[in-house]
Amino acid sequence: LLARRLFGDASQFETVSYSSIATAVFTPLELGTVGLTEKEAAAQHGEENVDSYVSSFSPLEWALTENHSELSSFCKVVVRKDDQKVLGMHIASPNAGEVIQGFSLALKNTTNGGLKFSDLTNLVGIHPTVGEEFTTMSITKSSGASIAKTSC
């Protein structure tokens with residue numbers, strides 16, 4: 001990308017959308033993020049116009065050991081309420097960097113108004129994977145319902 005910008009044809013460049021660049025933090029429980037945080041989305045669109053789908057889960061790989069029995073993974077999809085456009089996606093889990101990378105392309109794609117929450121829930125996730133969690137979310141933060149899962 002840098003070489004194309006330095007030595008390529010300037011008419012071929014598209015503007016970089018920094019909010020669609022995926023970021024990962026490689027800690028023992030990886031963190032992956034792309035798009036707006038809930039706070040940033042509320043600042044841009046108004047707090048009353050933003051909600052988040054949230055989920056707490058235990059990856060299947062953790063079910064095989066007792067070392068992780070007390071731990072949970074977490075994911076969040078920040079949406080604009082009126083049209084359910086996805087504004088941000090965030091995950092704390094094993095392999096979060098790998099998971100969020102693919103979703104960054106979907107979030108960057110602005111065709112047909114951008115990624116909608118229904119695009120995620122209509123996707124058939126690969127079972128059992130951490131990334132599948134984004135395809136099965138149904139509880140919003142504003143609902144106050146429990147986000148804990150007991151099994152796959």
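Before I place a residue in a loop, one definition: helices and strands here are DSSP runs, at least four residues for a helix and at least two for a strand, numbered from the N terminus. With that, G125 sits in the loop between α5, residues 117-121, and α6, residues 133-136. Please keep in mind that this is a predicted model.

I will come back to G125. First, the overall picture. The protein chain has 6 helices and 5 strands. Read from the N terminus, the order is α-β-β-α-β-α-β-β-α-α-α. The C-alpha trace spans about 55 × 35 × 25 Å along its principal axes. Of the 152 residues in the chain, 35% are buried. Among contacts with a separation of 6 or more, 61% are between residues 24 or more positions apart. The accessible surface is about 9600 Å², and carbon and sulfur atoms account for 55% of that. As for charge, there are 11 positive and 17 negative charges, and their mean positions lie 8 Å apart.

Now to strand β3, residues 50-57. Why call this strand largely enclosed by the rest of the structure? Because 8 of its 8 residues are buried. Both faces are covered: on one side we have V50, S52, V54 and S56, and on the other D51, Y53, S55 and F57. The partner to look at is β4, residues 73-80, which runs antiparallel to β3 and is joined to it by 8 bridges. Within that pairing, S56 of β3 stands opposite F74 of β4.

Next, helix α4, residues 96-108. With 13 residues at 1.5 Å a residue, α4 should span 18 Å, and the end C-alpha atoms are indeed 18 Å apart, so the two agree. Which residues of α4 are buried? They are A96, G97, V99, I100, F103, S104 and L107. In an α-helix there are 3.6 residues a turn, so residues three or four places apart point the same way. The cover over the buried residues of α4 includes strands β1 (23-25), β2 (31-35) and β5 (86-92), together with helices α5 and α6.

Those last two helices bring us back to the loop between them, and to G125. Is G125 buried, exposed or partly exposed? Its relative accessible area is 23%, and buried means under 20% while exposed means over 50%, so G125 counts as partly exposed. Beyond its neighbours within four places in sequence, G125 is in contact with E132 and T135. T135 is 10 residues away along the chain, and the C-alpha atoms of G125 and T135 are 6.0 Å apart.

Terms used:
Residues numbered from 1 in each chain as written. Predicted model: local features only at pLDDT ≥ 70, side-chain atom pairs only at ≥ 80, totals over all residues. Heavy atoms only, no water. Buried < 20%, exposed > 50% of the residue type's maximum accessible area, 1.4 Å probe, protein only. Contact = heavy atoms within 4.5 Å. Areas by Shrake-Rupley, 256 points an atom, 1.4 Å probe, with all protein chains shown as cover. Lys, Arg positive; Asp, Glu negative; His and termini not counted. Charge placed at Lys NZ, Arg CZ, Asp CG, Glu CD. Pairing = 2+ DSSP bridges. Expected span 1.5 Å × (residues − 1).
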